[in-house]
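Got your viewer open? Here's a short tour: at each stop you'll select something, then read what is there.

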Amino acid sequence: MAEITVFSAKKIITMDPNRPEATHVAVLDGRILAVGDASCADAWQAAGHTLRHDETLAGTVLMPGLVEGHAHMMAGAMWNFAYAGFHDRMDPQGKWWTGKPDLDAVVRDLSDYEKSLEPGQPLIGWGLDPIFFSGERLSRKHLDQISSDRPVAIMFSNFHLMCVNSKALELAGYDRTSNAEGVVKGADGEPTGELQEMAAMFPVMRRVGMDFRGLSQTEPSIRSYGAVCVRAGVTTITDLYSQMEDSDLATLLAVTSDTAFPARLVPVLGVAGSDPAQASARAVALRAHSSDKLRLGAVKLMTDGSIQGWTARVKWPGYIGGQANGIWNMAPDEIQRMVTAMQAAGVQMHIHVNGDEASSVAIDAIAAASREHPWPDARHVLQHCQLMGVDQFLRCVELGICTNIFSNHIWYFGDQHIALTVGEDRACRMNAARAALDAGVHVALHSDAPVTPLGPLFTAWCAVNRQTMSGRTMGAAQCITVAEALQAITLGAAYTLHMDHEIGSIETGKRADFAVLGDDPLAVAPMALKDVPVLGTVLDGRVHLA
């Protein structure tokens with residue numbers, strides 16, 4: 001008979017109300033056999049199994065492996081490009097990169113980076129946060145200072161906008177005669193270099209080699225993603241706009257089937273701009289290739305853009321600075337056609353909605369499709385949900401829609417939302433996890449890595465404390481408890497992925513997936529939640545230390 005491994009810990013937080021705490025967990029064939037004290041598996045030994053007591057994790061706190069329901073596999077590979085963000089960030093190897101506090105620092109540091117490139121090689125940067133800079137906005141004038149003879153393209157941190165130099169505009173054929181939506185022009189009628197949303201950005205991205213599919217589908221990129229997961233305590237993670245081709249499937253299956261790969265991967269197929277019938281058929285076909293560590297078959301729709309980029313679609317009274325009301329990446333009628341096709345085919349949808357106009361359109365589309373094609377356990381997920389109010393959450397309950405809330409935005413952009421985008425009253429109810437839970441919605445919380453760093457305990461801290469970078473509490477009425485936040489990054493997120501029967505709690509029959517922590521997140525002060533050390537993970541009973 002196979003050997004049973006009994007792991008001991010200082011404390012085990014199970015997220016199982018029948019046994020909330022334990023000190024030991026027994027694992028057999030990658031699954032949880034028993035939970036309790038040191039004798040929890042003794043009955044199985046009497047039946048002929050061999051028991052091995054493992055003290056490797058005896059001084060740690062275990063909880064269910066954390067589940068990240070909205071991230072992108074390029075989170076590791078983006079570090080192949082120049083980091084241009086405002087915040088200090090750690091790369092997958094654990095190296096810290098200094099943030100850029102102003103435009104002068106962006107130009108200076110990228111100019112230094114440019115010297116390391118081969119002649120003619122495009123300079124690609126990422127992570128830019130111009131909303132933090134005072135004075136003039138980044139334009140091609142600034143990027144032309146870095147280079148006028150090689151393309152320079154800098155992706156904003158939200159991945160909905162970018163700024164490029166004159167050479168890159170020339171490659172894409174953008175000039176004063178261009179009328180494509182999202183090509184921003186100055187008072188002189190010439191493009192400023194800022195490009196907003198996918199239709200405007202893709203022509204440049206293709207020409208400079210900013211290939212998100214290429215970034216995310218290689219074996220090194222997939223393994224880098226796994227390494228990032230271990231550092232964050234994550235055992236199940238999405239790639240929430242996968243552009244995988246059929247030829248990529250073999251690589252994904254090979255890497256994830258390796259017992260050394262430390263995570264369960266859930267690629268969600270991006271379908272914006274595709275034919276609804278063909279996209280739904282492909283999603284159904286991919287589902288058949290799912291394995292224990294690779295789950296396929298769901299899709300992602302794009303609606304609006306980014307609030308801090310002023311491209312999200314928001315209801316009246318709009319943006320406080322009078323900016324135009326955003327951009328549709330998929331027009332409302334296109335959204336309805338895609339939602340109907342997916343509902344009819346039995347394909348779960350994850351739908352990007354930042355602004356409350358976008359979430360209203362998405363909810364209406366699901367309601368109409370549900371009347372035509374009933375599916376009680378679809379568990380479609382609205383992603384970000386940043387301006388949703390109680391009225392929309394109640395509609396989600398009626399329709400069985402889940403919400404994955406972008407609580408990291410409170411800390412990273414809360415002050416800017418108050419001052420520059422939607423104003424204090426709406427900002428104080430942004431990412432309203434309290435309202436969603438009170439309405440009865442199934443709630444998850446996410447990072448959208450690499451938009452913000454992967455780290456579910458930090459994400460939970462944001463939802464609990466709602467603290468901004470300036471130290472203020474943005475909307476105390478929307479704070480949730482630590483226990484509720486931990487539920488959202490374990491069982492809550494697992495539910496949105498149709499995986500709560502397998503992961504999300506430590507109880508008999510489920511996968512032996514754990515986060516290994518250096519302290520008890522339920523015992524520390526709520527303000528210290530983000531500082532709980534992550535020591536590694538356990539996946540299928542195999543220990544992966546950070």
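## Stop one: a run of parallel strands

Start by selecting strand β18 (residues 349–353) together with β19: the two run parallel and are joined by four bridges. Keep in mind that what you're looking at is a predicted model. Now pick out H352 and look across to β19, where Q383 stands opposite.

How does the chain get from one strand to the other? Add helix α12 (residues 356–372) to your selection: β18, α12 and β19 make a right-handed β-α-β unit.

## Stop two: one strand further

Next, highlight β19 (residues 381–384) and β20, which pair in the parallel sense over four bridges. To see one of the contacts, click on H384: its bridge partner in β20 is I405. Then bring in helix α13 (residues 390–399), and you have a right-handed β-α-β unit made of β19, α13 and β20.

Stay with β20 and show strand β21 (residues 443–445) as well. This pair is also parallel, with three bridges. Select N404 and you'll find A444 of β21 opposite.

Before you leave, are the residues of β20 buried or exposed? Colour residues 402–405 by side: C402 and N404 point one way, T403 and I405 the other, and all of them are buried. In other words, both faces of β20 are covered.

## Stop three: the holes inside

Time to go hunting for empty space. How many cavities of 30 Å³ or more does a search of the whole structure find? The search turns up two.

Go to the largest cavity, which holds about 70 Å³ of space. Its lining has 14 residues, and to find the centre, select H87, R89, D129, S157 and V451, the closest ones to it. Now show β10 (123–128) and α14 (408–421), since each of them supplies at least two residues of this lining. Try colouring the lining of the largest cavity by class, and you should get seven nonpolar, five polar and two charged residues.

Then move on to the second largest cavity, with about 60 Å³ of space. To outline it, select L128, D129, P130, I131, R137, F156, S157, N158, Q308, G309 and F413. What is the lining of the second largest cavity like by class? It has five nonpolar, four polar and two charged residues.

## Last stop: zoom out

Finally, select everything and switch to a cartoon view. The chain has 18 helices and 24 strands. Its radius of gyration is 23 Å, close to the 24 Å that the globule rule gives for 546 residues, so the chain is as compact as a globular protein of that length.

Turn the model around and picture a box along its principal axes: the C-alpha atoms fill one of roughly 85 × 55 × 50 Å. And how much of the chain is buried? Buried residues account for 62% of the 546.

Terms used: Residues numbered from 1 in each chain as written. Predicted model: local features only at pLDDT ≥ 70, side-chain atom pairs only at ≥ 80, totals over all residues. Heavy atoms only, no water. Buried < 20%, exposed > 50% of the residue type's maximum accessible area, 1.4 Å probe, protein only. Pairing = 2+ DSSP bridges. Right-handed = clockwise from strand over helix to strand, strands pointing away. 1 Å grid on protein atoms, 1.4 Å probe; cavity = no way out; pocket = protein on both sides within 12 Å on 5 of 7 lines; lining within 4 Å. Points joined across faces, edges and corners; volume = space filled by probe spheres on them. Nonpolar A, V, L, I, M, F, W, Y, C, P; charged D, E, K, R; others polar. Rg over C-alpha atoms; globule rule 2.2 N^0.38 Å.
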